[in-house]
Each structure stands twice: as structure tokens, then as C-alpha cells.
Amino acid sequence: EHDTLLLKLPKTAIFSASNSTVANLLVDEEIDGVLATIIAFIYETTIFRKGSHWYEYLKSIRICDSNGQLILPPNHWDSVERNLLKGSTLDTLHGGLVPEDEVREGFEIASSIAHKWYEEFGLEIPLEVFGKGSKDKDLQYLRFVAVAYAISSRIFEIDAFHGSALVPLADLFNHHVLRPDVHFNSLYD
């Protein structure tokens with residue numbers, strides 16, 4: 001029925017950069033928004049793992065398919081696959097075949113911060129994403145891209161404290177862009 005409440009969650013159930021293990025470090029670096037959530041996700045799932053309060057939920061967010069291949073947006077597919085989409089709406093109206101500069105910039109910022117935290121506090125570096133001197137910097141970047149797109153496709157704006165956050169179960173609902181059939185409400189203050 002229209003206006004049926006399907007899910008109600010306390011804000012203590014959500015994951016955000018503000019309640020992550022690295023929250024204070026992100027504040028010190030003045031990193032917020034989606035980038036902060038991406039960085040927090042990477043640390044919770046690769047460094048803190050089972051020690052993280054959020055690990056069981058966060059590990060359900062897949063960045064690889066069942067064959068272990070990274071799940072990447074079309075702008076990071078190989079050229080043969082991208083060419084199949086040339087002239088499509090994704091290409092012509094949305095520019096979806098062109099890599100986004102903001103993602104590359106986010107990767108560089110996050111990588112720099114990871115190395116800074118290691119040098120200053122001895123906080124382990126998520127090597128598979130930010131390993132220094134790695135021969136395969138492109139693969140590290142693609143791992144970051146896979147995380148960035150997985151997070152951005154599930155993120156909600158919550159309130160002034162949490163900002164952008166992941167909401168367990170709510171991220172499963174269909175949210176059609178033109179005709180949404182599920183509406184998300186939050187007490188913002």
C-alpha cells in the first residue's frame with residue numbers, strides 16, 4: 001500500500017565516516033562527504049576487518065564479481081567493451097564512458113593520507129589499494145574505483161553529523177530515478 005512504512009532503523013545502525021574507526025583522523029584531515037566514507041570503508045574492510053563493528057555489514061558490499069573480477073563502471077571497461085556503448089545514451093547524454101577526474105583525485109588524496117597516517121601513527125596501509133612502489137598502480141586505482149562506485153550507488157544523506165552514510169537494508173530497496181517507489185526520510189537535525 002502507498003505510504004506503508006517498510007523499514008525503520010536507528011541512526012546507530014548506519015555506517016558513516018563520522019562513526020568509523022578513523023573518524024577523528026578524517027576530521028583532522030578535513031576530509032568529509034563521499035570520499036571520507038570511501039576511505040573509512042577501505043580501512044574498516046581491509047585493516048580493521050573483524051575488529052570493526054561494521055565488518056559484517058560492509059563485507060556484504062561487493063567490489064568483485066563471483067569470478068573475482070572487479071565490478072567497474074563502463075568508463076573503466078576495456079576499449080572493446082566501451083566501443084560497444086559508443087553513441088548510446090550513457091555516452092552521448094551522460095558522458096559515462098569518460099573516466100571522472102574527481103575519482104582519480106580522490107584516489108590520490110586517499111593514498112597520500114594513508115601514507116601520512118602510516119608515517120605519523122603507524123596505522124597500517126591498505127596495501128591492495130594504496131601500496132607504495134607497487135608495480136601495478138593501475139590495479140590499485142581500479143580497486144579504489146570499484147569501492148568508490150559501490151559506495152556511491154548505496155549512499156544516503158543522513159544528517160548534519162553523519163553526512164553521507166551507508167544504511168543497512170535500505171540500500172536494497174529499488175530507487176528508480178524518474179519514478180521513485182521508495183522514499184527515504186531522515187530526521188536531519
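## Helix α2 against helix α8

In this predicted model, α2 passes α8 in a right-handed crossing. Helix α8 spans residues 137–152. The two axes come within 10 Å and cross at roughly 115 degrees.

On the α2 side, the contact is made by Leu 35, Thr 37, Ile 38, Phe 41 and Ile 42. On the α8 side, Phe 144, Val 147, Ala 148 and Ile 151 take part. By class, eight of these residues are nonpolar and one is polar. No charged residue joins the contact of α2 with α8.

## Helix α2 against helix α6

Helix α2 (residues 33–48) also packs with helix α6 (residues 101–121). The angle is about 50 degrees, and the axes are 11 Å apart. That makes α2 oblique to α6, since angles of 65 to 115 degrees count as roughly perpendicular and those under 35 as roughly parallel. This crossing of α2 past α6 is right-handed.

From α2 come Leu 35, Ile 39 and Tyr 43. They meet Gly 106, Ile 109, Ala 110, Ala 114 and Trp 117 in α6. The contact of α2 with α6 holds seven nonpolar residues, one polar residue and no charged ones. Leu 35 of α2 appears here and in the contact with α8.

## An aromatic pair between α2 and α6

Five aromatic pairs turn up in a search of the whole structure. One of them joins Tyr 43 and Trp 117. Their ring centres are 5.4 Å apart and their planes stand at 55 degrees, so the pair is tilted.

This pair links distant parts of the chain. Tyr 43 sits in helix α2 and Trp 117 in helix α6, 74 residues apart.

## Helix α6 against helix α8

The axes of α6 and α8 come within 10 Å and cross at roughly 110 degrees. The two helices are therefore roughly perpendicular to each other.

Helix α6 contributes Val 103, Arg 104, Gly 106, Phe 107, Ala 110 and Ser 111. Opposite them in α8 are Lys 137, Gln 140, Tyr 141, Phe 144, Val 145 and Tyr 149. By class, the contact of α6 with α8 divides into seven nonpolar, three polar and two charged residues. Gly 106 and Ala 110 of α6 meet α8 here and also meet α2. Phe 144 of α8 touches α6 and α2.

## Confidence

The protein chain has a mean pLDDT of 89. Of its residues, 93% reach 70 or more.

Among the elements, helix α1 (residues 23–28) has the highest mean pLDDT, 97. Helix α7 (residues 127–130) has the lowest, 80.

Technical notes
Residues are numbered from 1 along each chain as its sequence is written. This is a predicted model: local features need pLDDT of at least 70, side-chain atom pairs count only at pLDDT 80 or more; totals for chains, interfaces and linings use all residues. Side-chain values use heavy atoms; hydrogens and water are left out. Axes are lines fitted to C-alpha atoms, for helices over the stretch in contact, and angles run from 0 to 180 degrees between N-to-C directions. Helices (H or I, at least four residues) and strands (E, at least two) are DSSP runs, numbered from the N terminus. Angles under 35 degrees count as roughly parallel, over 145 as roughly antiparallel, 65 to 115 as roughly perpendicular and the rest as oblique. A crossing is left-handed if the near helix is turned anticlockwise from the far one by less than a right angle, and right-handed if clockwise. Contact means heavy atoms within 4.5 Å. Ala, Val, Leu, Ile, Met, Phe, Trp, Tyr, Cys and Pro count as nonpolar, Asp, Glu, Lys and Arg as charged, and the others, Gly among them, as polar. pLDDT is the predictor's confidence in each residue, from 0 to 100. Rings of Phe, Tyr and Trp (its six-membered ring) pair if their centres lie within 6.5 Å; planes under 30 degrees apart count as stacked, over 60 as edge-to-face and the rest as tilted.
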